[in-house]
Amino acid sequence: MSLQHILELCGIAFFAVSGALVANQKSKPDWFGVTFIGFITSIGGGSIRDMLLGSYPLSWVKDPTIIYVIIASIVITSLFFNKLIRFKKIFFIFDTLGIAMFTILGTEKALNFHVDPAIAAIMGMFSAIMGGVIRDVLTNQVPVIFRKEIYATACLIGAIVYLILNALNCERYTCLIASTLIIIAIRVVAVKYQLSLPQFNREK
Amino acid sequence: MSLQHILELCGIAFFAVSGALVANQKSKPDWFGVTFIGFITSIGGGSIRDMLLGSYPLSWVKDPTIIYVIIASIVITSLFFNKLIRFKKIFFIFDTLGIAMFTILGTEKALNFHVDPAIAAIMGMFSAIMGGVIRDVLTNQVPVIFRKEIYATACLIGAIVYLILNALNCERYTCLIASTLIIIAIRVVAVKYQLSLPQFNREK
Amino acid sequence: MSLQHILELCGIAFFAVSGALVANQKSKPDWFGVTFIGFITSIGGGSIRDMLLGSYPLSWVKDPTIIYVIIASIVITSLFFNKLIRFKKIFFIFDTLGIAMFTILGTEKALNFHVDPAIAAIMGMFSAIMGGVIRDVLTNQVPVIFRKEIYATACLIGAIVYLILNALNCERYTCLIASTLIIIAIRVVAVKYQLSLPQFNREK
């Protein structure tokens, strides 16, 4: 099992936990509902990317390990529920690592389909955020990405940095690590200083 | 026309009626809205399964009979509306037959793509429940599967029974009938005794 | 650049503006949220049609001009926001041209996949309305097409007219122009006289 595969499974696990916690907060669903939303949250972004690219078979359809990782994550979330909801910092760290990794791996995958760099950046961002968007739609909320401190924008900037380094012929791991760090740095600064993008309409 | 095709069309018809009734209950849409939601409810689950598997062309795109069956179902629903809403039992029977059949046929179809059994079970369940999930999202509700008595879980168990019998080299019709009966039995018992899965979080 | 391509980009631009305005009205999202919803509104319908048909690569994945047109539209919307929200008539004109064009080009594209005419009509209508449906779901509203004066139905009728003229071996541009005009005429009449389809259920 390669390092990349392990990192991907970590991202999957985190998104499953985050999906389960958000689902539980809002509509008190049963065990099935929580597992279903955790599952959709973690595989949603990559599935949408792959269906838009026409990249078949989808990763989780090809690799059932992903399913078992999700189920294990949900069980663990249940066991440590009362502890997990107290440590908001741990979640911030996992979430940030998760979106950073999903963005860059998604951008890379899109590039393999020889799309324009603008499309690759969008596909990278979609990989990171679309699971959360579906989770919010299923729990009947306006998606959090439309309101949260600089979030999807951080993914987009990271993807663009990756594409620039890649165009400059930097080595793969240099591109990966530099752009991942950029996303993490933007998120940390945005949350610490509560930075948001300006509202679209400053009505007068 | 084979027996399987007829059964599939019956499932389609039921889901169209159920979609139309739910749509009408909630947001009083016009004729177009009701037909649209009935259509999406009946073809949604199979379409999502096929788009996840990359199985093109989708059944309803290939076979326009499905469209005519849906339109006929909506017209019939309209004519007998005031009678239909009184006989809740009839709906329960149709719905249960519908999800049982969709689950097992969906599981079979996924197996033809040589996926892992865990994936085949998920695809079977998706075939049965995803139409209803989209219907609920379009009518701006939290999907009913997250709250209802053991529903999606019954599909999942039926799919697993099918996969076990299939792995034991049982004859196709034995697998089909046994697993369909399991789903029906679980639903009947769940509704009769109002069984639900436990809530995910028992907050203290 | 062909006339058809220019018309398509105009349709894309209009849908982006309409998406941005609706998004802003409802939930006051930030710049990213507005751009995201504008993007989804304009590429959503065509993407769903292509994913249902299995027509890869999707137009916007192949042609990044679409992305730049969307971004430019959002910037222009922002600059002229206070003027744009006053001229409702301009929007009606653009929207009507947009859905007419998307319907007919979508129907044509589906026909190239040798589907049944009933399927081609549905695919044409989906091209025109599904972007708006996703926009409404993301902003947590019941899709406007279920309530608005004859809208999706106008698209459907236009698509059927196109298919009839096409079956009669009319020349391509005759089919295109006649059916586009039909959609525009229905919309103008429907809005002027506030025509709606009958409600599905006249409860007694």
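**Exercise 1. Work out how many residues chain A and chain B each bring to their contact, and how much area the two chains bury.**

Step 1: Chain A puts 30 residues into the contact and chain B puts in 33, where contact means heavy atoms within 4.5 Å. A quick note before going on: this is a predicted model, in which local features need pLDDT of at least 70, side-chain atom pairs count only at pLDDT 80 or more, and totals for chains, interfaces and linings use all residues. Residues are numbered from 1 along each chain as its sequence is written, chains are lettered from A in the order in which they are written, and side-chain values use heavy atoms, with hydrogens and water left out.

Step 2: Now the area. Together, chain A and chain B bury about 2800 Å², and 69% of that is on carbon and sulfur atoms. Buried area is the accessible area (1.4 Å probe) that two parts lose on being put together, summed over both.

Step 3: Check for salt bridges, meaning a side-chain nitrogen of Lys or Arg within 4 Å of a carboxyl oxygen of Asp or Glu. Between chain A and chain B the count is 0.

**Exercise 2. Find the rotation that puts chain A on chain B.**

Step 1: Turn by 120°, with 0.0 Å of shift along the axis, and chain A superposes on chain B with an RMSD of 0.0 Å. The fit is by least squares on the C-alpha atoms of residues with pLDDT of at least 70 in both copies.

Step 2: The two copies are therefore related as by a three-fold rotation axis.

Step 3: Compare the surfaces they use. These are different, as 13% of the contact residues of chain A recur in chain B.

**Exercise 3. Classify two aromatic pairs, A:F32 with A:F36 and B:F39 with B:W60.**

Step 1: Get the rule straight. Rings of Phe, Tyr and Trp (its six-membered ring) pair if their centres lie within 6.5 Å; planes under 30 degrees apart are stacked, over 60 edge-to-face, and the rest tilted. That gives 21 aromatic pairs over all chains.

Step 2: For A:F32 and A:F36, the centres are 5.6 Å apart and the planes make 35°, a tilted pair. Both residues are buried, that is, under 20% relative accessible area (1.4 Å probe, protein chains only).

Step 3: The rings of B:F39 and B:W60 are 5.3 Å apart, centre to centre, with planes at 85°, so this pair is edge-to-face. B:F39 and B:W60 are both buried too.

Technical notes: Buried < 20%, exposed > 50% of the residue type's maximum accessible area, 1.4 Å probe, protein only.
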